[in-house]
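Visitor: I am new to this one. Please take a single part, look at it closely, and work outwards from there.

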Amino acid sequence: MSVLSLRTYNPVVKVLAPVPAMIVSIGSRDLWTPALFGAVALVMLLVSGGLRGRTLLAVLFGPVLLVAVMTVSFGVWTDPARVDHTIALATLGPFTLWSGALEIGLATGLRVASVVLLALLAGLTTDGPDLVRSMISHLRMPYRIGYAGFAAIRFVPRFRSDLEIIRLAHRVRGVDGGRGPLATGRRYSGYAVPLLAGAIRHGDRVSLAMEARGFGAHRTRTERRHVPLRARDAVLATWLLALCYLVPHLSGAL
Amino acid sequence: MKRLTTRFLMACAAIGAATGVLLLPANFASFAISAAVPLAYAAMVGVWLIGPVVALAVLRRPGAALLTMLIAGIINIPTPAGPSAIVTNLMVGVAMELGFLVTRYRIWRPWLFYVTALVFEVVYAASAYAYFNIDDMAAAGKTFFFALMAVSAVGFTWLGLLIAGRVTATGVARGIAPGTRPVAPPPAPVES
């Protein structure tokens, strides 16, 4: 597989290496730092993410929409006393929208979008089981915990159908709290207990089946599929760490 | 490692997966709502606490919250939060464990759940402070933001404890929590 594809990189590196960049971006207050981080992550995703179809559209337009919505929503909440020296854009009764408030909202929106994009570097290019395998071999996580994670991934579709059955059973018996968000919440907490009880019971059965096959008898376990940790992962980690230094300096010059 | 029986691990996996399935719509909704109405985000923060609270209250073992949140994070990989959800989840799990760790896992009373949840919320609020730039909000908004966070932490902890109590009453977790092991039958009298 090509060096250019993010899918060939180590999952643990992809999850952990962007974290310092996220922290630098969260800690910034200007417009350029988060914008540059977000742009770099977006370019990396577009060039080497191998995205197509709906995901590609969501990555292209999602952040723009997010920034636009947050610019207004956080701008409205900004303390007017801080920004009343800037230009008043609109007045609606007692409320005035200042351009400075929008700028603060824009900075917040860019910060959130940059963190989301940095998280998506791993999120859109990683296969769940591969991440667990890599955590077992490279982070020294005990394999029994990792295999509990594998089992949990297989639990999800089962529990989803369980939830559907419980929902239908409640409906057949006429357990209906009415409409509206409060009633929905109450209805959901009614599903929680049977679902959890069934889930724990299923977990019991699976654990018996696993132990019957000798799971956990040995200290180590051989993996059929090996997730490599290569030189390209070191390059990716260095690049993302270097961004933490480069981006604030570059944005200071802009 | 010896105390991590497969049954305990699978119970954590089951709680992690089940709360994940229940909260998946809430996760998407909270992401969408929090972008539009920042204050709603504060109200949704407590949702994260349901999983670890249920796990700790039902299983009553060290590491229950941590394992449940790790597994819930592994399940969340295909969501928009991505694998970074694991990092966030582990943070919540560690925070919920801390309160029980300092009391050496001897106290399982409801007040400890509430205190731990509130302490976590204070720490979390500090990070949200920088993330959402709350410093620039109007004073009323600021106060409201933190009050909402505290209310949501307490409210969702209450909900978690309520669910946990009912799950315990079903008896499915019997034998996992130490001290609730069924009493062994007395040894059969020796036949003479």
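**A loop and its surroundings**

Guide: R104(B) sits in the loop of chain B that joins helix 5 (84–102) to helix 6 (110–131); helices here are DSSP runs of H or I, at least four residues, and strands are runs of E, at least two, numbered from the N terminus. This is a predicted model, in which local features need pLDDT of at least 70 and side-chain atom pairs count only at pLDDT 80 or more, while totals for chains, interfaces and linings use all residues. Residues are numbered from 1 along each chain as its sequence is written, with chains lettered from A and ligands numbered from 1 in the order in which they are written.

The phi angle of R104(B) is near 55°, a positive value in a residue other than glycine. R104(B) is exposed, because 8 other C-beta atoms lie within 10 Å (buried needs 20 or more within 10 Å, exposed 12 or fewer, and partly exposed is in between, with C-beta atoms placed from the backbone). R60(B) also has a positive phi, near 50°, and is not a glycine. R60(B) belongs to the loop between helix 3 (50–59) and helix 4 (64–75) of chain B. With 19 other C-beta atoms within 10 Å, R60(B) is partly exposed.

Next comes the place where the chains meet. Chain A puts 58 residues into the contact and chain B puts in 49; two residues are in contact if their C-beta atoms, placed from the backbone, lie within 7 Å. Helix 9 of chain A gives the most to its side, with 17 residues. By class, that side has 37 nonpolar, 13 polar and eight charged residues (Ala, Val, Leu, Ile, Met, Phe, Trp, Tyr, Cys and Pro count as nonpolar, Asp, Glu, Lys and Arg as charged, and the others, Gly among them, as polar).

A17(B) shows the meeting in detail: apart from residues up to four places away in sequence, it touches A152(A), F155(A), V156(A), F159(A) and A199(A), as well as I71(B) and I75(B). A17(B) is also among the residues that touch the most other members of the largest nonpolar core, which has 122 residues; L196(A) and I71(B) are likewise among them. Such a core is a set of buried Ala, Val, Leu, Ile, Met, Phe, Trp, Tyr and Cys residues joined through C-beta atoms within 7 Å. Helix 6 of chain A supplies its largest share, 16 residues.

Chain A is assigned domain 1 (6–126 + 229–253) and domain 2 (131–212), with bounds from an automatic or database domain assignment. Their C-alpha centres lie 34 Å apart. Six residues of domain 1 are in contact with five of domain 2.

Two more places in chain A are worth a look. In helix 4, P63(A), L66(A), M70(A) and W77(A) are among the buried residues. Helix 4 of chain A bends by about 35° at F61(A), and the proline P63(A) follows within four residues; the bend is the angle between axes fitted to the seven residues ending there and the seven starting there.

V247(A) lies in helix 10 (residues 231–253) of chain A and is buried, because 23 other C-beta atoms are within 10 Å. Beyond its neighbours within four places in sequence, V247(A) is in contact with T33(A), L36(A) and F37(A). The C-alpha atoms of V247(A) and L36(A) are separated by 6.7 Å, although the two are 211 residues apart along the chain.
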